Amino acid sequence: TKDTKIVTNYGIKEIANFNEEKDLIRSFDLNKKEFVWKSSELIKYSISKEENLIKIDYGDTSIVTTFEHPLLVFDKDRFVWKKANEITELLSKIFVL
């Protein structure tokens with residue numbers, strides 16, 4: 001949703017205020033094994049039905065996202081990007097900034 005918070009080089013802001021020309025996002029570089037700032041393009045599309053969403057509860061945090069949205073998880077001694085619908089068995093290993 002438009003009020004989703006994201007980490008940018010200008011601090012935490014709502015995704016609706018993300019400027020693709022100026023803002024950089026925090027992303028994990030699997031090769032360097034560290035977080036880096038990188039440019040990003042927002043993918044905008046409407047979600048017509050709630051069943052296209054998945055809610056993941058992690059401690060005091062909840063993530064509501066599309067099934068295909070990538071999330072960074074620690075699996076088998078390494079960080080990997082997995083689609084939200086692939087991580088149910090990894091809930092204790094979600095990496096939340």
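**Close-up views of an all-strand protein**

The accessible surface of the protein comes to about 7,500 Å², and carbon and sulfur atoms account for 49% of that area. The model is a predicted one, and the legends below walk through it view by view.

**View 1. The whole chain is built with eight strands and zero helices.** Read from the N terminus on, the elements run β-β-β-β-β-β-β-β. How much of the protein is buried? Buried residues make up 22% of its 97 residues. Contacts across the sequence can be followed here too: among those between residues at least 6 apart, 20% join residues at least 24 apart.

**View 2. Seven residues make up the largest nonpolar core.** Its members are Ile-54, Ile-56, Leu-71, Val-73, Val-80, Ala-84 and Ile-87. Which strands each supply at least two residues of this core? They are strand 5, covering residues 53–58, and strand 7, covering residues 70–75. Try finding these two strands in the structure before moving on to a single member of the core.

**View 3. Ala-84, a member of the largest nonpolar core, sits in the segment after strand 8.** Is Ala-84 buried or exposed? Its relative accessible area is 0%, so Ala-84 counts as buried. Leaving aside residues up to four places away in sequence, Ala-84 touches Ile-54, Ile-56, Thr-65, Thr-66, Phe-67, His-69 and Leu-71. Two of these contacts, Ile-54 and Ile-56, belong to strand 5 by their numbers, since that strand spans 53–58. Look also for Thr-65: it is 19 residues from Ala-84 along the chain, and the C-alpha atoms of the two are separated by 7.4 Å.

**View 4. Phe-28, Phe-35, Phe-74 and Phe-79 are linked into a cluster by ring pairs.** A search of the whole structure finds three aromatic pairs. A pair of aromatic rings is described by the distance of the centres and the angle of the planes. For Phe-28 and Phe-35, the ring centres are 5.1 Å apart and the planes meet at 70°, so this pair is edge-to-face. Phe-28 also pairs with Phe-79; here the centres are 4.7 Å apart, with 55° between the planes, and the pair is tilted.

**View 5. The pair of Phe-28 and Phe-79 ties together parts that are 51 residues apart in sequence.** Where do the two residues lie? Phe-28 is in strand 3 (residues 25–29), while Phe-79 is in strand 8 (residues 78–83). Now compare how the rings' residues are covered. Phe-28 is buried, because its relative accessible area is 9% and buried means under 20%. Phe-79, at 27% relative accessibility, counts as partly exposed. Phe-35, the edge-to-face partner of Phe-28, is partly exposed as well, at 25%.

**View 6. Val-7, Ile-12 and Trp-37 form a nonpolar patch on the surface.** Together, these three residues have about 290 Å² of accessible area. Ile-12 is found in strand 2, which covers residues 11–14. Why does Ile-12 count as exposed? Its relative accessibility is 65%, and exposed means over 50%. To finish, set Ile-12 beside Ala-84 from View 3: Ile-12 is exposed, whereas Ala-84 is buried.

Notes. Residues numbered from 1 in each chain as written. Predicted model: local features only at pLDDT ≥ 70, side-chain atom pairs only at ≥ 80, totals over all residues. Heavy atoms only, no water. Patch = residues over 30% accessible without salt bridge, like charges linked within 9 Å, V, L, I, M, F, W, Y side chains within 5 Å. Areas by Shrake-Rupley, 256 points an atom, 1.4 Å probe, with all protein chains shown as cover. Salt bridge = Lys/Arg side-chain N within 4 Å of Asp/Glu carboxyl O. Helix = DSSP H or I, 4+ residues; strand = E, 2+ residues; numbered from the N terminus. Buried < 20%, exposed > 50% of the residue type's maximum accessible area, 1.4 Å probe, protein only. Core = buried A, V, L, I, M, F, W, Y, C linked by side-chain atoms within 4.5 Å. Contact = heavy atoms within 4.5 Å. Phe/Tyr/Trp six-rings, centres within 6.5 Å; stacked < 30°, edge-to-face > 60°.
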